[in-house]
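These are my notebook entries on one structure. I set down what I looked up, entry by entry.

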Amino acid sequence: MNAKVNISNRAGASFPVRRMNFDFDQVPEYWAKDSAGITHFMTALSALFPDGEKLFIDSVRAVRYHPAIKDNEALQKEISAFIGQEAMHTHEHAGFNASAQKYGHDVAKYERETGKVIQGARKWFARVVRPFGMTQEMVDLTATTALEHFTATLASQLLLNKHIQELMTDPTMSYMWYWHAVEENEHKAVAYDVYEEIFGRGVKSYALRNTALVMAMALIFVTQSSFVIRLLKEDGKLNLKELGMIYKYAYSPSKGVITGMTREMLAYFKPGFHPNDLDTVALLEKWKAKLGI
Ligand SMILES: [Fe+2]
Ligand SMILES: [Fe+2]
């Protein structure tokens, strides 16, 4: 595994910010079980992160001094650590994405397209809900709570699903994904708590967060799938064998990483839902020890 770790908890939050420094130079072209399909499934996800995580950071920053939370010291510390973790994820994913250049993939192009999808969707959605008294800040923050639920759920699948772990064969790449997965679970409640503190648990806030989840999932599915297909095409590997590997890895009913997320994803629609209802404390302890973080 090629990475240096530097852990700091200056914010005094319930979780630290870890400065990572991965070296992707030795990562093979098809780092996941020699499969172009699975590798590009993950590359396509990675392409979503820089602009996605920028939205997370911007949406929380935009409201962090709202009167409802500005004097909440504990939450302010969590927000600082949340921003620190997400910024570090973006840094490392952008580093990996740039390293794919040597195998002929301009992943930055996919990052820019992700940015356009996000900007278009958030502005359109805000226009639609404006007559109901909902603001751009509220839309952005609830898009973040929805996407944070998605990343935390995907993360717990990566940490729990042995079948997937067997396919993550390169030590540097698997370490990067597990580190990111641990941190997504550590900070999974921050954006949600900010949203509830500011916008409450009323019908309006409940309806908006559910609508945002459905929209966000549809957009992720379409965007990420189109990236996978184009990445495979760029390699001349858009064929049934690779698509079959993706099906097994992501969508097969018994072992798929995406199908495995169903129950936890649906929990978001419960009226009294809170991200910490899904207890991952023991799982995180085990993985932090395993990764030495
Ligand atoms: Fe992240
Ligand atoms: Fe996150």
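**Entry 1: a term, and a first aromatic pair.** I began with a definition: a residue is buried if its relative accessible area is under 20%, exposed if over 50%, and partly exposed in between. I also noted that the model is a predicted one. Phe41 has a relative accessibility of 3%, so I recorded it as buried. Tyr251, at 26%, counts as partly exposed because that value falls between the two limits.

I then searched the whole structure for aromatic pairs and found 14. In one of them, the ring centres of Phe41 and Tyr251 lie 6.3 Å apart with the planes at 80°, so I classed the pair as edge-to-face. Phe41 belongs to helix H1 and Tyr251 to helix H9, 210 residues apart, and the pair thus links distant parts of the chain.

**Entry 2: a second pair and a cluster.** I looked up Tyr192 and Phe273, which form an edge-to-face pair with 5.5 Å from centre to centre and 85° between the planes. Tyr192 is in helix H7 and Phe273 in the loop between helix H10 (262-266) and helix H11 (281-291), so this pair ties together parts 81 residues apart in sequence. Tyr192 is buried at 2% relative accessibility, and Phe273 is buried at 3%. I also recorded one aromatic cluster, formed by Phe22, Phe24, Phe96, Tyr175 and Trp179.

**Entry 3: the iron ion (ligand 1).** Which residues supply its protein donors? I found Glu53 (OE), Glu86 (OE), His89 (ND1), His180 (NE2) and Glu184 (OE), at 1.9 to 2.4 Å from the ion. Two of these residues, Glu53 in helix H1 (residues 36-61) and His180 in helix H6, are 127 residues apart, and the pair links distant parts of the chain. Both Glu53 and His180 are buried.

**Entry 4: the iron ion (ligand 2).** Glu86, Glu148, Glu184 and His187 coordinate this ion at 1.9 to 2.8 Å, with Glu148 and Glu184 each listed twice through OE. The six donor atoms subtend angles of 51 to 153°, and I therefore entered the arrangement as irregular. Glu86 bridges the iron ion (ligand 2) and the iron ion (ligand 1), which are 3.8 Å apart. Glu148 lies in helix H4 (residues 136-160) and His187 in the loop between helix H6 (171-186) and helix H7 (190-199), 39 residues apart. I found both Glu148 and His187 to be buried.

**Entry 5: the surface.** I noted a nonpolar surface patch of Ile229, Leu238, Leu240 and Leu243, with about 370 Å² of accessible area together. Leu238 sits in the loop between helix H8 (203-234) and helix H9 (240-251), and counts as partly exposed at 34% relative accessibility.

Definitions and conventions: Residues are numbered from 1 along each chain as its sequence is written. Chains are lettered from A and ligands numbered from 1 in the order in which they are written. This is a predicted model: local features need pLDDT of at least 70, side-chain atom pairs count only at pLDDT 80 or more; totals for chains, interfaces and linings use all residues. Side-chain values use heavy atoms; hydrogens and water are left out. Patches are made of residues with over 30% relative accessible area and no salt bridge: like charges are joined within 9 Å, nonpolar side chains (Val, Leu, Ile, Met, Phe, Trp, Tyr) within 5 Å. Accessible areas come from the Shrake-Rupley method with a 1.4 Å probe; for residues, only the protein chains shown count as cover. A salt bridge is a side-chain nitrogen of Lys or Arg within 4 Å of a carboxyl oxygen of Asp or Glu. Helices (H or I, at least four residues) and strands (E, at least two) are DSSP runs, numbered from the N terminus. Buried means under 20% relative accessible area, exposed over 50%, partly exposed in between (1.4 Å probe, protein chains only). Donors are N, O and S atoms within 2.8 Å of the metal (3.2 Å for Na, K and Ca); water is not among the atoms, so sites may look incomplete. Four donors count as tetrahedral if all angles lie between 85 and 135 degrees; four count as square planar and six as octahedral if opposite donors are over 155 degrees apart and all others between 65 and 115; anything else is irregular. Rings of Phe, Tyr and Trp (its six-membered ring) pair if their centres lie within 6.5 Å; planes under 30 degrees apart count as stacked, over 60 as edge-to-face and the rest as tilted.
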